[in-house]
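Please open the model in the viewer and keep the selection panel at hand. The tour below proceeds from one selection to the next and describes what is found at each stop.

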Amino acid sequence: WGHPFKVKTGGVWSEEVMIYARCLVVGPAELKEVGVKGVLERLGAGEEVSERSEERARRLLGRVLEGQLAAMGTSEEEDQQRLASSEAQEAQQNDRYRMCLRYRIGRKRLVRQALDSLRPP
């Protein structure tokens, strides 16, 4: 599903991703507390609907990111070791292999940064 976030000053999440996650987790309690209009106004302004729903949105995004890391098959550390090994044996490895490893390492770092940003300050 492409890049679910983009790196920006002050965080890694685009506002659109946060709004989407907030929409998915709004529950009856928030609707009762602030009403449909209030929920829509807060979402439209890029604000959290409630502390409870914000926590649910962060957990949801965390599960998505953890799933992305799990689906990658190797850890960042394993890729780093393979890259170091391939550079040590450069004559035996091709450039595409090293480029692929660098891409995977970069992607895993971005996902890890996104996960880190979900932790409370």
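Select Ala21 first, together with its contacts: leaving aside residues up to four places away in sequence, Ala21 touches Ala57, Leu60 and Leu61. The model on display is a predicted one.

Extend the selection to the nonpolar core. Ala21 belongs to the largest nonpolar core, a set of 13 residues, and is among those with the most contacts inside it, alongside Leu61, Leu65, Val111, Leu115 and Leu118. Colour helix H1 (15-25), helix H3 (51-71) and helix H5 (95-118), the elements that each contribute two or more residues to this core. Which of them gives the most? H3 does, with five residues. As a general background, nonpolar side chains tend to be buried together in soluble globular proteins.

Next, isolate H3. Does the length of this helix agree with or depart from the expected span? At 1.5 Å a residue, its 21 residues should span 30 Å, and the C-alpha atoms at its ends are 30 Å apart, so the two values agree. Now highlight the buried residues of H3: Ser53, Glu54, Ala57, Leu60, Leu61, Gly62, Leu65, Gln68 and Leu69. To view what covers them, display H1, H2 and H5, which are included in that cover. Just beyond the helix, select Gly73, which follows H3 and has a positive phi, near 85°.

Return to H3 and pick Glu54, which is placed in that helix. Is this acidic residue buried or exposed? Glu54 has a relative accessible area of 6%, and it is therefore classed as buried, the cut-off being under 20%. Show its surroundings: apart from residues up to four places away in sequence, Glu54 touches Met18, Arg22 and Glu48.

The next stop concerns charged pairs. Across the whole structure, a search finds eight salt bridges. Select Glu30, Glu33, Arg52 and Arg56, which are linked in a network of salt bridges. In general, side chains of opposite charge can pair when their charged atoms come close.

Begin with Glu30 and Arg52, whose side chains meet in a salt bridge at 3.9 Å, N to O. Glu30 lies in helix H2 (residues 28-44) and Arg52 in helix H3, so this pair ties together parts that are 22 residues apart in sequence. Glu30 is buried, its relative accessible area being 2%, whereas Arg52 is partly exposed at 43%.

Now draw a distance from Glu30 to Arg56. These residues form a salt bridge, with 2.9 Å between the closest N and O atoms. Here again distant parts of the chain are linked, Arg56 being in helix H3 and Glu30 in helix H2, 26 residues apart. Arg56 is partly exposed, with a relative accessible area of 25%.

Finally, centre the view on Glu33 and Arg52. Their side chains meet in a salt bridge of 3.1 Å, N to O. Glu33 is in helix H2 and Arg52 in helix H3, and the pair links parts of the chain 19 residues apart. Is Glu33 buried or exposed? With a relative accessible area of 51%, Glu33 is exposed, since the threshold for that class is over 50%.

Definitions and conventions:
Residues are numbered from 1 along each chain as its sequence is written. This is a predicted model: local features need pLDDT of at least 70, side-chain atom pairs count only at pLDDT 80 or more; totals for chains, interfaces and linings use all residues. Side-chain values use heavy atoms; hydrogens and water are left out. A nonpolar core is a set of buried Ala, Val, Leu, Ile, Met, Phe, Trp, Tyr and Cys residues joined through side-chain atoms within 4.5 Å. Buried means under 20% relative accessible area, exposed over 50%, partly exposed in between (1.4 Å probe, protein chains only). Helices (H or I, at least four residues) and strands (E, at least two) are DSSP runs, numbered from the N terminus. Contact means heavy atoms within 4.5 Å. A salt bridge is a side-chain nitrogen of Lys or Arg within 4 Å of a carboxyl oxygen of Asp or Glu. The expected span of a helix is 1.5 Å times one less than its number of residues.
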